[in-house]
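The following paragraphs lead through a structure, beginning with a pairing of strands and moving outward from there.

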2 protein chains.
Amino acid sequence: MKRKMGVKNCLYPMPTVLVGALVNGKPNYITIAHVGIMDLASVSLGVAKFHYTNAGIRENGTFSINIPTTDMFRITDYCGIVSGKKVDKSVLFENFYGELRTAPMIKSFPINMECRLIQTVDFPKHDIFIGEIVETYCDTAYLDGDNVDIAKLSPILFTMDDRGYWSVGERFATAWEAGKELKAK
Amino acid sequence: MKRKMGVKNCLYPMPTVLVGALVNGKPNYITIAHVGIMDLASVSLGVAKFHYTNAGIRENGTFSINIPTTDMFRITDYCGIVSGKKVDKSVLFENFYGELRTAPMIKSFPINMECRLIQTVDFPKHDIFIGEIVETYCDTAYLDGDNVDIAKLSPILFTMDDRGYWSVGERFATAWEAGKELKAK
């Protein structure tokens, strides 16, 4: 039986990432799971306007996305519960920079994407930052050829309703294949 | 060891959904995993411009997001490999409408969100549709009080590199809690 729930966002789970930006000249990282894929080269971040990070993204026109594995969940969560206004998060990690020079990335995280801000959509209480990926760095331990092995990577999934961090389960089918039987009918 | 991968979108896995729209007066559904959360009331879809669905979303200014469970993977995949230009997908499901009256939804899918189009971001080969949720419908079998039980729901996760459909695994920690130990130090 269906129940009307009002305005309830159920588009979960989403991958949990650390977004890096240079704020007041220092690397800062914020935990975000309100992310999106626009196309194969572009991503979005929904970041509440009160956050410390936003000014840095705006000023430099760059940010990074750093993808943790499940065993990095404590430091990932920590970066979401302390603000760069109060805590210097630049000392938490070994930082590195790529082509954009102003998008700090976390060396110990298996995947980093450096992004150029191409558009900001102004929401009432959120900045929606849309970025194009300029370069992606993958730890070879999580690669199978040129592909990311998602089971090895074991990213952190987030669900809002239970404030849960979840792992990825089993691969059970292949996209653009699983429906072919129905197509043949 | 880190390897430079060029422009590679690694923001996976993403939830796989069927997007509903009225196209040429008939319900049509397209499979999408390039989605995003903007804020608690808003979502985004990245839909390649050549798709049949786009004109309908634009014309009516509405769409729906229908979330399947893993056992619905065949019909979910099928809706991604056949175009509404050639196949009448309105007959695949029992359709229903909500407040917006022009956003068809799938009765048998456990969660439906009807959305009003509030902005379109024009990408070279994609329309990025940003919608605000107007009403959400949840099958009570997948609810725990007012919360979606993600383990019961068992949504379909998508990864591009291996064209994989994946299930959700285990809940291993609580967000805004897991980092508190580090904060106390």
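In which sense do β15(A) and strand β15 of chain B pair, and over how many bridges? In this predicted model, β15(A) and strand β15 (residues 164-174) of chain B run antiparallel to each other, and the pairing extends over 7 bridges. Two of the residue pairs can be followed by name: Arg171(A) has Trp166(B) as its bridge partner in β15(B), while Trp166(A) stands opposite Arg171(B).

These pairs can be set beside the relation between the two chains as a whole. Chain A is superposed on chain B by a rotation of 180° with 0.0 Å of shift along its axis, at an RMSD of 0.0 Å, and the two copies are therefore related as by a two-fold rotation axis. Both copies use the same surface, in that 100% of the contact residues of chain A recur in chain B.

The contact itself takes 83 residues from chain A and 83 residues from chain B. On the side of chain A that touches chain B, strand β15 (residues 164-174) of chain A gives the most, with 11 residues, and the residues of that side divide into 45 nonpolar, 20 polar and 18 charged.

Within chain B, β15(B) also has strand β14 (residues 157-159) as a partner, the two running antiparallel and being joined by 3 bridges. Here Trp166(B) appears again, as the bridge partner of Leu157(B), in addition to its pairing with Arg171(A) across the contact between the chains. The hairpin of β14(B) and β15(B) has 4 residues between the strands, and in this hairpin Arg163(B) takes a positive phi near 45°.

Key. Residues are numbered from 1 along each chain as its sequence is written. Chains are lettered from A and ligands numbered from 1 in the order in which they are written. This is a predicted model: local features need pLDDT of at least 70, side-chain atom pairs count only at pLDDT 80 or more; totals for chains, interfaces and linings use all residues. Copies are superposed by least squares on the C-alpha atoms of residues with pLDDT of at least 70 in both. Two residues are in contact if their C-beta atoms, placed from the backbone, lie within 7 Å. Ala, Val, Leu, Ile, Met, Phe, Trp, Tyr, Cys and Pro count as nonpolar, Asp, Glu, Lys and Arg as charged, and the others, Gly among them, as polar. Two strands pair if DSSP finds at least two bridges between them.
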